[in-house]
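Student: I'm new to this one and would like a close look at a single part. Could you walk me through the sheet and whatever lies against it?

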Amino acid sequence: MASGSGAPGGHHGRVTSAALLGRDQLPTAGRLVVKVGSSSLTTPDGHLDPERLRAVVDVLAARRAAGTQVVLVSSGAIAAGIGPLGLAARPRDLATQQAAASVGQGLLVAHYTRAFGAHGLRVAQVLLTAEDTWRRGQYRNAHRALTRLLDLGVVPIINENDAVATDEIRFGDNDRLAALVSHLVHADALALLTDVDALYTGAPSRPGSRRVAEVRGPADVAGVDVSARGSAVGTGGMVTKLDSVAIATQSGIPVVLTSAALAGRALAGDDVGTWFAATGRRSSIRLLWLAHAARTHGRLVLDDGAVRAVLERGTSLLPAGVTAVEGTFEAGDPVELVDGAGAVVARGLVAYASDEVPQLLGRSTGELRAALGAGYDRELVHRDDLVLVRRGR
Ligand SMILES: Nc1ncnc2c1ncn2[C@@H]1O[C@H](COP(=O)(O)OP(=O)(O)O)[C@@H](O)[C@H]1O
Ligand SMILES: N[C@@H](CCC(=O)OP(=O)(O)O)C(=O)O
C-alpha cells in the first residue's frame with residue numbers, strides 16, 4: 001500500500017465546492033492544493049534550503065495524518081540547479097533557466113522524497129505545462145493520473161515542465177498553474193505559501209502598509225497596491241498570486257495566502273494570512289485560463305456591429321464583422337478581440353490560422369461557402385470559446 005502513515009488515501013469528510021468553505025472550516029477540507037514558492041524554499045543567496053523544505057513537509061505530513069489529501073505545487077527547480085551548475089545567481093535567459101530547472105528538478109524531488117519518506121509518505125513527480133490543464137485530451141489524462149495517485153495515498157508534487165515550455169506558452173511562475181491544478185483535482189481549497197505572511201495594502205516594506213485579513217470579492221482588493229516586485233528568486237510577485245486567486249475563487253475554490261512559516265496555523269483555520277472567499281461556482285477551466293492566464297498570440301479588429309453583437313448579444317464572431325488581423329497564430333490559439341480604437345473587448349480561441357484569416361474578412365458565411373467551400377462558413381471565434389473583457393451595457 002502506498003500510504004504508509006495510516007493516513008487514508010480515500011477522500012474522507014470531503015467538503016464539496018457547493019458548500020463554499022469558510023476559513024474556520026479549512027481543517028475539514030478533504031483535498032488541498034498547496035503551492036510553495038521559490039522564496040519559501042531558498043537561502044538568502046538563492047540556493048535551495050533543505051531545512052526550509054523539510055519544515056513545509058512537516059506541516060503537510062501532519063495534514064495528511066489528519067486525513068486530508070494534499071497536492072503540492074512546488075517551485076524551486078531553478079534555485080536547486082544554481083549551485084550544481086556553478087552559477088552565481090538565478091539565470092535570466094530562458095535556455096539557462098531551462099537547464100537549471102532540469103538539473104534542479106531531480107534534486108528538488110529527491111529532497112521531497114526523503115522528507116516525506118521520514119513521515120512514511122510516498123511522493124510522485126508530475127511536470128505539467130499550462131496546456132495540460134485546459135486542453136481537453138491532456139486535461140483528462142492529467143486529471144486521471146492525479147486522482148489515481150491521490151487514491152493510492154501518494155502526495156503528487158507538481159512543477160511546470162520548464163524544459164519544454166517556450167516563452168509564449170509558459171507560466172514562468174507557479175501561482176496560476178496551482179489555481180488550474182486546484183480546478184483539475186476539484187480541490188476544496190488552495191494555499192499559496194510565499195515569503196510574506198499576507199497580502200498587504202501596499203509593498204510590505206512600506207511604512208503604513210496593513211495586512212488584508214479577508215477578501216470577499218474583487219472590490220476588496222481594488223485599492224491594494226501590488227506593483228512592488230517580488231523576491232529575487234520568485235517570479236511574478238503578488239500580481240500573479242492575485243491572478244491565481246481570481247481563477248480559484250471564481251470557480252468556487254477559496255484561497256489562503258500566507259508565509260511558509262505560518263502554514264500550519266493557516267491550514268488550521270487560524271486568523272493569519274489573507275483569506276480569499278470563493279465567489280463563484282465551478283466553471284469551465286478553458287474559459288478561466290483564457291480570461292486570466294493565457295498569453296494571446298494575435299488580435300482581430302472588430303467593426304462596431306460585431307463589438308455590439310459580441311458584448312450585448314453574446315454571439316459568436318463571424319468573419320463578416322472583422323476588419324483586420326494582426327499577429328501569427330494557429331487554429332485553437334488564444335487571441336484578443338479589439339474594437340476600432342484598439343481597446344480589448346474579449347478574448348477567444350480562434351478557429352482559423354492567421355494566414356487563412358485575411359481572405360475571410362468582411363465576407364458573409366454564404367459568400368465564403370460559395371467561394372471557398374463548406375468548412376469556411378464557420379465562426380471565426382465560437383461563443384463557447386469567448387470571454388468578455390469589457391462588459392456590454
Ligand atoms: N501588496 C503586497 N502585499 C504583499 N506582498 C507584496 C505586495 N506587493 C508586492 N509584494 C511582494 O510579493 C512577493 C512575493 O512574490 P514572489 O517573490 O513571486 O514569491 P514566490 O516565490 O513565493 O512566488 C513578496 O516578497 C512581496 O515583496
Ligand atoms: N518552475 C520554475 C520557476 C518557478 C518560480 O520561480 O515560481 P515562483 O517561485 O512560484 O514565483 C522553478 O521550479 O524554479
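Tutor: Happy to. Here we go with the sheet, bearing in mind that this is a predicted model. Five strands make up an open sheet, and if you step across it you meet them in the order β10-β9-β11-β12-β13. Their pairing is mixed.

Now look at the two ends of that order. The edge strands are β10, residues 322–327, and β13, residues 386–388. Each of them has a single partner strand, so one side of each is left without a neighbour in the sheet. As you go from strand to neighbouring strand, the turn between them is 25° on average, if you ignore direction.

Next, zoom in on one pair. Strand β11 covers residues 334–338, and strand β12 covers residues 344–349. These two pair in the antiparallel sense, over five bridges. To find your place in this pair, look for proline 334: standing opposite it is leucine 349 in β12.

Finally, bring in the helix. That's α9, made of residues 304–313, and it lies across β9 (298–302), β10, β11, β12 and β13. Against β12, the helix α9 runs at about 70°.

So, to trace this part yourself, start at the edge strand β10, follow the order β10-β9-β11-β12-β13, pause where β11 and β12 pair over five bridges, and end with α9 lying across the strands.

Note on methods
Residues numbered from 1 in each chain as written. Chains lettered and ligands numbered in written order. Predicted model: local features only at pLDDT ≥ 70, side-chain atom pairs only at ≥ 80, totals over all residues. Pairing = 2+ DSSP bridges. Helix = DSSP H or I, 4+ residues; strand = E, 2+ residues; numbered from the N terminus. Axes fitted to C-alpha atoms, helices over the stretch in contact; angles between N-to-C directions. Contact = placed C-beta atoms within 7 Å.
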